[in-house]
Number of protein chains: 2
Amino acid sequence: MERHSVIEKNGEDSKNKEFKRKNSIGIVAARLFDKKGYLETSLKDISTEVKLSKGCIYHYFTSKHEILYFILDAYMDHLLGGLEEELGNIADNSSKIKHIMFRHLMLYNNKVPEARAILVDANNLPEEYYKAIAFKQKKYAQLLTDALSGFFDGRMPVEKSRAISYILFGMSNSIMHWHNPDGPIKLEELSEICYDLFMNGITHYKNNI
Amino acid sequence: MERHSVIEKNGEDSKNKEFKRKNSIGIVAARLFDKKGYLETSLKDISTEVKLSKGCIYHYFTSKHEILYFILDAYMDHLLGGLEEELGNIADNSSKIKHIMFRHLMLYNNKVPEARAILVDANNLPEEYYKAIAFKQKKYAQLLTDALSGFFDGRMPVEKSRAISYILFGMSNSIMHWHNPDGPIKLEELSEICYDLFMNGITHYKNNI
């Protein structure tokens, strides 16, 4: 029994080690894709930047799109991880919406190249890989759609709740194209602006400047 | 005098003819950039699709990025054209904001490949070309920032009004990544949803379902 645990532990360790190695390749590749463009980045560029031989990279990934898939899949897991449980512990729907929005803005801010890759590069994936990512994106968006449906007491047609949830993610994601974290407006304040706008619009905002 | 007018008219005609020819190349190229990606599209692809020899295309453009610049510049002129005068004829700032938003959504809907090229491909331009496009984009965004500053009676810090105007464009632009004009929600209705959200937020919306 003890021996069995040791084997399991060793298996777990080597799995962790493999994930860590893949992850360190992914982080470097995501930065290169963001800087040079996915199509313009070669496996040689990645190998030079990550300081591993091409053969070593091929040990972990069979192609460039496998690296892209790994990056996007890990990013979606990062967005989804624990979110359902967190929402389960929040009672009212406005607070659920606020939690999703602030969390979304905070998480992308720590992984800007990965977040941009989802928006810009995902459509370069072969179809089955793309579908797997789109499936996780839908699952993620559904959590917001559910909170919105709850907020509207189920009286809003579901396509409209879905459109509103896409608009919320759209306004949040667009920020990464122009926001400078070292500029006059910090991310925390920008998250507050986004949330206030989404909840109450500029009319309410005007009366509370 | 008459002869002079004829010369002028002929000059005008040939200028128009040149613009039309450049425009027809631009429309086809924008569709290819959207479908295949800008970097993956060759001048040969464009020449085949537009049914003109490469030599003929070189008569109008010296390089692929000149075609991209022409597309983006024409699109910005399309967005800016007449907007300042239209806004001058609208008295209140809420109506100005509504006008900019509906017009923005209507115009991109007619030129989806060009609108996507602004978001996705503009950063492939050489710096001086990119700056010229960014200058027009800033001018366009400034018209909304001005309407917002007016709406807030000048009591909102200008960086915040600018951030809010970028958020509005961000939410509008994000729509082109998922909206299907033949789906359950038509563009007109979606424009109403965006405007209602931006003005009054989901809280007000909830009370008026």
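**Entry 1: the two copies**

I began with the relation between the chains and found that a rotation of 180 degrees, with 0.0 Å of shift along its axis, superposes chain A on chain B at an RMSD of 0.0 Å, the fit being by least squares on the C-alpha atoms of residues with pLDDT of at least 70 in both copies. The two copies are therefore related as by a two-fold rotation axis. I also noted that the same surface serves both copies, since 97% of the contact residues of chain A recur in chain B; two residues are in contact here if their C-beta atoms, placed from the backbone, lie within 7 Å.

I keep in mind that this is a predicted model, in which local features need pLDDT of at least 70 and side-chain atom pairs count only at pLDDT 80 or more, while totals for chains, interfaces and linings use all residues. For bookkeeping, residues are numbered from 1 along each chain as its sequence is written, and chains are lettered from A and ligands numbered from 1 in the order in which they are written.

**Entry 2: the fold of chain A**

I looked up the secondary structure of chain A, which comes to ten helices and zero strands, helices being DSSP runs of H or I with at least four residues and strands runs of E with at least two, numbered from the N terminus. The C-alpha atoms of chain A fill a box of roughly 60 × 50 × 35 Å along the principal axes.

Chain A is divided into domain 1 (2-61) and domain 2 (71-207), with bounds that come from an automatic or database domain assignment. Taken over C-alpha atoms, the centres of these two domains of chain A are separated by 28 Å. Their contact takes nine residues from domain 1 of chain A and eight residues from domain 2 of chain A.

**Entry 3: the interface between the chains**

I then turned to the contact between the chains, which takes 35 residues from chain A and 34 residues from chain B. On the side of chain A that touches chain B, helix 9 and helix 10 (187-206) of chain A each supply at least two residues, and the largest share, twelve residues, comes from helix 10 of chain A. That side of chain A divides into 22 nonpolar, eight polar and five charged residues, where Ala, Val, Leu, Ile, Met, Phe, Trp, Tyr, Cys and Pro count as nonpolar, Asp, Glu, Lys and Arg as charged, and the others, Gly among them, as polar.

**Entry 4: helix 9 against helix 9**

I examined helix 9 (residues 158-174) of chain A and helix 9 (residues 158-174) of chain B, whose axes come within 8 Å and cross at roughly 125 degrees; axes are lines fitted to C-alpha atoms, for helices over the stretch in contact, and angles run from 0 to 180 degrees between N-to-C directions. That makes helix 9 of chain A oblique to helix 9 of chain B, because angles under 35 degrees count as roughly parallel, over 145 as roughly antiparallel, 65 to 115 as roughly perpendicular and the rest as oblique. The residues making this contact include A:Ile167, A:Gly170 and A:Met171 of helix 9 of chain A and B:Ile167, B:Gly170 and B:Met171 of helix 9 of chain B. By class, I noted four nonpolar, six polar and no charged residues in the contact of helix 9 of chain A with helix 9 of chain B.

**Entry 5: helix 4 against helix 7**

Within chain A, I saw that helix 4 (residues 64-80) and helix 7 (residues 112-120) pack at an angle of about 110 degrees, with their axes 10 Å apart, which makes helix 4 of chain A roughly perpendicular to helix 7 of chain A. A:Leu68, A:Ile71, A:Leu72 and A:Tyr75 in helix 4 of chain A meet A:Glu114, A:Ala115, A:Ala117 and A:Ile118 in helix 7 of chain A.
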